[in-house]
Amino acid sequence: MLRPRIPTMPTPTGIVTPPAVVQPTAVEPTPPPAAPAPLPTPPSRPMVQLTPGTAVALVGAGTAVVLVVGTVLVSMLLATAVTAASVAVCALVIRSLIGQQHKRR
C-alpha cells in the first residue's frame, strides 16, 4: 500500500525519427580590435605631509575618541547593573510582602 512505484520507460510507438546530425562549421577569425584611445593622465595632487605637530594632534584626537567611547560604554554597563540590582530588590520586597500576607490568613 505504501510502497513507492517506480515508473517504467514506455516503449516508443509509431514512427521514430533518427536524431539530427550536426555538421561542424568553419571558424572565421575576427579582425583584432582597434587600439583604445589613451587615457588622460590625472592631475597631480599635493601630498599630505605629516609633521610632528600634526602627528601629536592625531594621537591626541584618537586618545580622546577612545576615552569618550569607553566612558559611554562603561556608563551604559553601570546603568544596566544598577537597574538589575533595583529590580532584584523590588522582587525580594514583593516576595516578602506576599509571604507575610499568606501567613496572616
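Select leucine 73 to begin: with 52% relative accessibility, leucine 73 counts as exposed, where exposed means over 50% relative accessible area, buried under 20% and partly exposed in between (1.4 Å probe, protein chains only). The model is predicted, so local features need pLDDT of at least 70 and side-chain atom pairs pLDDT 80 or more, while totals for chains, interfaces and linings use all residues. Residues are numbered from 1 along each chain as its sequence is written, and side-chain values use heavy atoms, with hydrogens and water left out.

Next, select helix α1, residues 52–104, in which leucine 73 is found. Helices (H or I, at least four residues) and strands (E, at least two) are DSSP runs, numbered from the N terminus. The chain has 1 helix and 0 strands.

Add Val65, Val68, Val69, Val72 and Met76 to Leu73: together they form a nonpolar surface patch with about 550 Å² of accessible area. Such a patch joins nonpolar side chains (Val, Leu, Ile, Met, Phe, Trp, Tyr) within 5 Å, from residues with over 30% relative accessible area and no salt bridge, that is, no side-chain nitrogen of Lys or Arg within 4 Å of a carboxyl oxygen of Asp or Glu. Areas come from the Shrake-Rupley method with a 1.4 Å probe.

Move on to serine 86, also in helix α1. Serine 86 is partly exposed, at 35% relative accessible area. A polar atom of its side chain lies 2.8 Å from the backbone oxygen of threonine 83. Now select proline 38 as well: its C-alpha atom is 73 Å from that of serine 86, 48 residues apart along the chain.

Finally, display the whole chain. Its C-alpha trace spans about 100 × 80 × 15 Å along the principal axes, and buried residues make up 0% of the 105 residues.

Definitions and conventions. Patch = residues over 30% accessible without salt bridge, like charges linked within 9 Å, V, L, I, M, F, W, Y side chains within 5 Å. Polar contact = N/O pair within 3.5 Å; in protein donor to acceptor, adjacent residues only side chain to side chain.
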